[in-house]
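Colleague: I'd like to quiz you about the words you use for this model. Let's have a look at it before you start defending them.

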Amino acid sequence: MRRRLFKTLLGMLAVSTATWLVSAPLTAYYFGRLSPIAILCNIPVIPLAVCVVFLAVLSLRFAFLCPPLGLVCNYLNAGCTTLMMQCARLGSFVPCVETVFSLRLVYVWYAVLFVAFLAYRVQCVRTGVSSDSACRYQS
């Protein structure tokens, strides 16, 4: 049970880190700022976003079958959305986590990500693993 919880949390951290790695340079480019605390703030946001989508689908389905249930789903969805926004907003209260970025650093950032991806692919080829999924889960 503990191992499964650890793997779930590790998976959410991986998703949060991956989305931040890709979106951070765009944020830096358009807004000139970068906030690494977003990695931690996004961990509770990931399951909440899944709940928001699931409740929206239920709401649409129940809107025709039983409108009061659709309304209940909408209220639950509003609560999940509010909670998700509060989790995301928490990072703005942590002092000294926002840095200023220049356009040159954005290019360097994407170059480093590309080199890391190439190194990953080379490692997969060296170990004889041909597919991404097999290389990813090889231990």
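Colleague: Which residues of H1 are buried?

Modeller: The buried ones in H1 are Met12, Ser16, Trp20, Ala24, Pro25 and Ala28. Bear in mind that this is a predicted model: local features need pLDDT of at least 70, side-chain atom pairs count only at pLDDT 80 or more, and totals for chains, interfaces and linings use all residues. Residues are numbered from 1 along each chain as its sequence is written, and side-chain values use heavy atoms, with hydrogens and water left out.

Colleague: What makes something a helix here, and how is it numbered?

Modeller: Helices (H or I, at least four residues) and strands (E, at least two) are DSSP runs, numbered from the N terminus. H1 has 30 residues, and just after H1, Gly32 takes a positive phi of about 75°.

Colleague: Why is Ser16 called buried?

Modeller: Ser16, which lies in helix H1, has a relative accessible area of 0%. Buried means under 20% relative accessible area, exposed over 50%, and partly exposed in between (1.4 Å probe, protein chains only), so Ser16 counts as buried.

Colleague: What does Ser16 touch, leaving out residues up to four places away in sequence?

Modeller: Its contacts (heavy atoms within 4.5 Å) are Ala38, Ile39, Asn42, Ile43 and Ile46. More broadly, the buried residues of H1 pack against strand S1 (33-34), H2 and H4.

Colleague: What makes the Ser16 and Ile39 pair a polar contact?

Modeller: A polar atom of the Ser16 side chain is 2.5 Å from the backbone oxygen of Ile39. A polar contact is a pair of N or O atoms within 3.5 Å; within protein, one must be able to donate a hydrogen and the other to accept it, and residues adjacent in sequence count only if both atoms are side-chain atoms. At 2.5 Å, the pair is inside that limit.

Colleague: How do you know where H1 bends?

Modeller: The bend at a residue is the angle between axes fitted to the seven residues ending there and the seven starting there. At Ser23 the bend is about 35°, and a proline, Pro25, follows within four residues. The span from first to last C-alpha of H1 is 40 Å, close to the 44 Å expected at 1.5 Å a residue.

Colleague: Where does an expected span come from?

Modeller: It's 1.5 Å times one less than the number of residues in the helix. Helix H3 (residues 67-89) has 23 residues and spans 33 Å, close to the 33 Å expected.

Colleague: What makes a group of residues a nonpolar core?

Modeller: The members must be buried Ala, Val, Leu, Ile, Met, Phe, Trp, Tyr or Cys residues, joined through side-chain atoms within 4.5 Å. The largest such core has 8 residues: Trp20, Ala24, Ala28, Leu34, Ile39, Phe101, Val106 and Trp109. Helix H1 (2-31) and helix H4 (103-126) each supply at least two of them, and the largest share, 3 residues, comes from H1. Apart from that core lies another, of 7 residues, among them Leu48, Val52, Leu55 and Cys87. In soluble globular proteins, nonpolar side chains tend to be buried together.

Colleague: Why is Leu113 called partly exposed?

Modeller: Leu113, in helix H4, has a relative accessible area of 24%. That value falls between the two cut-offs, so Leu113 is partly exposed.

Colleague: What about H3, where you list buried residues too: why does Asn77 count as one of them?

Modeller: Asn77 comes out at 11% relative accessibility, which is under 20%, so Asn77 is buried. Asn77 touches Val52, Leu55 and Ala56, not counting residues up to four places away in sequence. Cys73, also found in helix H3, is buried at 6%. What covers the buried residues of H3 includes helix H2 (38-65).

Colleague: How many disulfides are there, and why aren't Cys51 and Cys80 bonded?

Modeller: The whole structure has 0. A disulfide is a pair of cysteine sulfur atoms within 2.5 Å. The sulfur of Cys51 has its closest cysteine sulfur in Cys80, 5.0 Å away, so that's too far for a bond.

Colleague: And is Cys51 buried or exposed, and what about Cys80?

Modeller: Cys51 is partly exposed, at 35% relative accessible area, whereas Cys80, at 16%, counts as buried.
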